[in-house]
Each structure stands twice: as C-alpha cells, then as structure tokens.
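Thanks for making time this morning; I would like to walk through one structure, going from its charged pairs to its open space, and then to a few individual residues.

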Amino acid sequence: MSIGTFTIGSGLVGTLNLLQTFVAITIGCTVIGVALMFNGKAGHKYGIPFMVQTRSAFGFTGSRIPALVRSVPAIVWFGFQSWIGAGALNLVSETMFGFSNIWVFFIGFQLLQIGLSVLGFHGIKWLENIGSVFIIGALIYMFFSVINKYGDQISANLINVEGTWGAPFWGATMLFLGIYSTMMLNVSDYSRELRKDVGPLRQVAIYANSILPATLFMGMIGLMVSGATGEVDPIKVFSSAVDNKFLLIVTLVFIAFAQVTTNILNNVVPPAYALMDIFKLKFKTSAVLVGLLAFATFPWELVKDDPPPG
C-alpha cells in the first residue's frame with residue numbers, strides 16, 4: 001500500500017472518469033503481477049535475493065550499483081511515508097487530547113518502525129496479517145463514506161463525463177504501474193520465500209491481488225474526493241469524508257498503520273540487504289541504519305506547499 005496512490009488518483013481529475021480510472025488501475029496492477037512473476041523467477045527457483053540475482057549481469061562488484069540505485073527511492077519513500085503517518089497520529093492526538101507536535105510524532109513513529117524493522121518480515125507476519133484485514137476494511141468504509149457524502153458531485157464530475165481512452169488513459173495506467181516499479185526490481189527478495197510448488201499463474205494471482213484491492217480503493221477515493229472538493233492531501237482527504245470523531249480517529253490510525261506495513265516490507269528490506277552486502281553488516285544493523293537515513297531525506301520538504309506566485 002502506497003499512500004501516494006491517493007495523490008495519483010487526485011491528479012486524474014478532469015482527465016479520466018471513474019470507469020476509466022478503475023480500468024487503468026486494474027491493467028496496471030495486472031501488468032505488475034506479471035512482471036513480478038517473471039523477474040522473481042530467479043529468487044523462487046534458487047532462493048537468492050535481488051543482490052545475488054544482479055551478479056549474473058553486473059558481476060560481484062558491479063551488482064552494488066543497481067542495489068544502491070534501488071535503495072535510494074526506498075529510503076526516500078520510507079521518510080515520506082513516515083511523515084504522512086506521523087501527521088495522521090498528530091491529528092489523532094489533536095482531536096483527542098488537544099496536543100499537537102508533528103516533530104514528536106515523527107521521531108517517535110520513526111523509532112517505532114526502526115524497532116519493528118529489525119524483526120524482518122518474518123518477524124512481523126502477524127502485524128501484516130492483521131494489517132491486511134484492517135486496511136481493506138477501512139478502505140471499504142472510506143469508499144462508501146465518500147460516495148454517501150459527495151454522491152452528487154461524483155456523478156456530475158466523474159461518472160457523467162466522457163473522459164478519454166486515449167494517450168492520457170494509458171499514461172494513467174503507467175502511473176499506477178510505476179508506483180510499484182521499484183518492487184519489480186527486487187522481487188526476488190520476496191519470491192525466494194515462496195514454496196516451490198507455487199506455479200507462475202498462481203504467482204501472478206498472488207502478486208496482483210496483493211496490491212490491486214488497496215490500489216483500487218485508494219486511487220478511486222483520491223479521485224472522488226478531489227473531484228468533489230479539490231483536496232489532494234491524503235490526511236485531509238480522509239478527514240474531510242468522516243464526520244464522526246471516533247471513525248475519524250480509526251481512519252487516521254489506519255493511515256499510520258498502513259505506513260508501517262508498507263515501509264517495513266518495501267522500503268526497509270531492499271536497502272537493508274544492499275547495505276548487508278556492500279558493507280558486510282548484519283541485518284539488524286542495516287535495518288537501523290536505513291531508518292536513520294530516512295531522517296536525512298527531509299520528508300517535510302517533500303510535502304511543503306508551493307509558495308503563491310509573485
């Protein structure tokens with residue numbers, strides 16, 4: 001689950017209608033599933049991670065280059081998504097207790113994720129299993145809440161409009177595909193954990209269905225809310241659609257929880273493996289270092305509003 005999916009959905013307002021967005025997301029996620037299956041064959045067959053897989057093309061020394069190239073966006077996303085999650089927790093605190101300090105929550109949230117990261121994805125399977133149910137449930141709730149609140153605007157702006165099936169449609173498909181493009185590179189880090197009897201078609205189904213539901217709901221929620229209100233900030237998108245304080249808190253906790261599950265799997269493991277290979281570190285040390293490097297990405301600068309012109 002990538003929080004940026006909301007923003008991508010928001011960016012399609014005025015370009016695609018609701019049906020075209022649905023189809024674009026479905027095609028993108030299916031293509032991702034196929035690509036993950038093909039590039040993950042080495043990991044599945046030989047049990048090797050991405051770092052080892054690249055040696056056949058780049059050699060032992062040269063393989064460090066693509067590993068570092070893959071690591072940079074992962075660390076940037078780690079910092080960005082941590083900032084978004086901290087913003088959600090800060091809003092929860094402000095709603096419940098009147099206390100607001102984004103820096104306290106950002107540092108605390110990042111330290112929490114670093115602590116969980118040292119367990120690796122085997123150690124947090126229970127968190128991922130709980131998270132998958134909670135996240136999808138929250139997204140379904142949000143989807144229908146948005147429809148109930150902005151139904152008239154959605155019909156006028158997103159359903160009863162022509163949109164386009166031309167180049168902008170395929171550009172949108174590539175946008176949704178691009179969210180997970182980095183994961184296509186290091187898929188062997190995950191496919192090496194699959195049982196040997198899991199065939200190619202089943203792998204495509206596993207990969208595509210792991211990302212399609214959340215991507216569909218998030219992209220369409222972003223599109224619908226932005227089409228109705230013009231808002232693109234993920235936290236404001238959620239809070240604007242929820243009138244009940246308890247449900248608002250649950251929704252904001254969902255945002256923070258989603259960042260934890262995504263960061264540890266997609267944004268910690270790849271750079272941690274790279275640091276292990278390049279600097280001969282242990283996984284726990286690498287995971288801690290990745291978390292500390294995420295501070296240096298200055299995510300608060302990435303979400304800063306542009307100054308007004310003039």
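Let me fix one term before anything else: buried means under 20% relative accessible area, exposed means over 50%, and partly exposed is whatever falls in between, with a 1.4 Å probe and protein chains only. What you see is a predicted model, in which local features need pLDDT of at least 70 and side-chain atom pairs count only at pLDDT 80 or more, while totals for chains, interfaces and linings use all residues. Residues are numbered from 1 along each chain as its sequence is written, and side-chain values use heavy atoms, with hydrogens and water left out.

With that in place, Glu 193 is partly exposed, because its relative accessible area is 35%, and Arg 192, at 27%, is partly exposed as well. These two form a salt bridge, with 3.7 Å between the closest N and O atoms, where the term stands for a side-chain nitrogen of Lys or Arg within 4 Å of a carboxyl oxygen of Asp or Glu. How many salt bridges does the structure hold? There are 3, and another of them joins the side chains of Asp 197 and Arg 195 at 3.4 Å, N to O, both residues being exposed.

The pair I would look at with more care is Asp 277 and Arg 55, whose side chains meet at 2.8 Å, N to O. Asp 277 lies in helix α15 and Arg 55 in helix α5, residues 55-62, so this salt bridge ties together parts that are 222 residues apart in sequence. Helices here are DSSP runs of H or I with at least four residues, strands are runs of E with at least two, and both are numbered from the N terminus. Asp 277 is buried at 12% relative accessible area, whereas Arg 55 is partly exposed at 23%.

Now to the open space. A pocket is an open set of points on a 1 Å grid over the protein atoms alone, where a 1.4 Å probe fits and protein lies on both sides within 12 Å along at least five of seven lines; lining residues have an atom within 4 Å of a point. The largest pocket encloses about 1200 Å³, a volume being the space filled by probe spheres set on the grid points. It is lined by 31 residues, and those closest to its centre are Glu 128, Tyr 190, Ile 206, Ser 210 and Leu 265. Two or more lining residues come from each of α8, α9, α13 and α15, and α13 gives the largest share, with 8 residues.

Turning to single residues, Phe 176 sits in helix α10, residues 167-178, and counts as buried because its relative accessibility is 0%. Its C-alpha atom is separated by 5.7 Å from that of Gly 28, although the two are 148 residues apart along the chain. Beyond neighbours within four places in sequence, Phe 176 has contacts (heavy atoms within 4.5 Å) that include Ile 8, Leu 12, Ile 25 and Thr 215.

Finally, a word on backbone angles. Most residues other than glycine have a negative phi. Lys 280, in the loop between α15 and α16, has a positive phi of about 55 degrees and is exposed at 63% relative accessible area. Phe 298, in the loop between α16 and α17, has a positive phi near 50 degrees, and with 46% relative accessible area it is partly exposed.

Definitions and conventions
Contact means heavy atoms within 4.5 Å.
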